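Below are my notes on the model, set out as numbered points for discussion. Please read them with the structure open beside the text.

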Amino acid sequence: MPGRFPWPDGLPRLESIKSRVLVAVVFCNRSSRTVQPIWVNFQGGPQPYLMLPPGTGCRMTTPIGHIWLFCEVGTDLVLTANKSKIYTATTSTNGQPAIVNICLPGNSTHNILCHRDSSWVH
């Protein structure tokens, strides 16, 4: 994020909602790029988290209703999260963490394969 907040084209400005209900998530960087997870705070501003090198993942807890987006480090290209431009934390299924597959945008063979295989957890 070299100085600007790369809000995805075509989406209205959003803000995370305040919640005390936490859910587990696993952010899986399935791209060949280093990714910067960004939490969209309560004022709609960016809060960067630790970078994810290619092929790595990060398990964490986040409140329901918190909005995340994922950018390539150095270019601010917005990657997809489970085929969407943003990820919003929701309730988990059977107490299992939500798997968030982070991929390059588009319909490349790599992206099709990375969306198909959601069992990977680092």
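1. Lys83 is placed in the loop between strand 6 and strand 7, in what should be read throughout as a predicted model. Its phi is near 70 degrees, which is a positive value in a residue other than glycine, and Lys83 counts as exposed because its relative accessibility is 64%, over the 50% limit.

2. Asn82 belongs to the loop between strand 6 (78–81) and strand 7 (87–88) as well, and here too phi is positive in a residue other than glycine, with a value near 55 degrees. Where Lys83 is exposed, Asn82 is assigned to the partly exposed class because its relative accessibility is 33%, a value that falls between the 20% and 50% limits.

3. A positive phi also appears in the hairpin of strand 5 and strand 6, this time at a glycine: Gly74 takes a value near 95 degrees. The hairpin has five residues between its two strands, and the strands themselves pair in the antiparallel sense over two bridges, with Leu79 in strand 6 as the bridge partner of Phe70.

4. Strand 5 (residues 67–72) deserves a point of its own, since six of its six residues are buried. The cover extends to both faces of the strand, with Ile67, Leu69 and Cys71 buried on one side and Trp68, Phe70 and Glu72 buried on the other.

5. Besides its pairing with strand 6, strand 5 is joined by six bridges to strand 2 (residues 35–40), and these two strands run antiparallel. Within that pairing Pro37 stands opposite Phe70, so that Phe70 has a place in the description of both pairings, its bridge partner in strand 6 being Leu79. Strand 5 is also joined to strand 7, by two bridges and again in the antiparallel sense, and there Trp68 stands opposite Tyr87.

6. How many salt bridges does the count come to? The count comes to one, and the side chains that meet in it are those of Glu72 and Arg33, at 3.1 Å from N to O. The pair links distant parts of the chain, given that Glu72 lies in strand 5 and Arg33 in the loop between strand 1 and strand 2, 39 residues apart.

7. The two partners of that salt bridge fall into separate accessibility classes, and the assignments can be checked directly against the limits. Glu72 is buried because its relative accessible area is 12%, under the 20% limit, whereas Arg33 is partly exposed because its relative accessible area is 29%, between the 20% and 50% limits.

8. Turning to strand 1, seven of its eight residues are buried, so this strand is largely enclosed by the rest of the structure. Strand 1 pairs with strand 4 (residues 57–63) in the antiparallel sense over seven bridges, and one of the facing pairs is that of Ala24 with its bridge partner Thr61 in strand 4. With strand 8 (residues 98–103), by contrast, strand 1 runs parallel, and five bridges join the two; in this case Phe27 has Val100 in strand 8 as its bridge partner.

9. Is Thr62 buried or exposed? Thr62, which is placed in strand 4, is buried because its relative accessible area is only 2%, under the 20% limit. A polar contact of 3.2 Å joins its side chain to that of Trp68, a residue of strand 5 that is itself buried. If residues up to four places away in sequence are not counted, Thr62 touches Val21, Leu22, Val23, Val25, Trp68 and Ala89, so Trp68 is listed both among these contacts and as the partner in the polar contact.

10. A last point concerns the segment before strand 1 (22–29), where Lys18 lies. Lys18 counts as exposed because its relative accessibility is 67%, over the 50% limit. Although Lys18 and Phe42 are 24 residues apart in sequence, their C-alpha atoms are 7.3 Å apart in space.

Methods:
Residues numbered from 1 in each chain as written. Predicted model: local features only at pLDDT ≥ 70, side-chain atom pairs only at ≥ 80, totals over all residues. Heavy atoms only, no water. Helix = DSSP H or I, 4+ residues; strand = E, 2+ residues; numbered from the N terminus. Buried < 20%, exposed > 50% of the residue type's maximum accessible area, 1.4 Å probe, protein only. Polar contact = N/O pair within 3.5 Å; in protein donor to acceptor, adjacent residues only side chain to side chain. Contact = heavy atoms within 4.5 Å. Salt bridge = Lys/Arg side-chain N within 4 Å of Asp/Glu carboxyl O.
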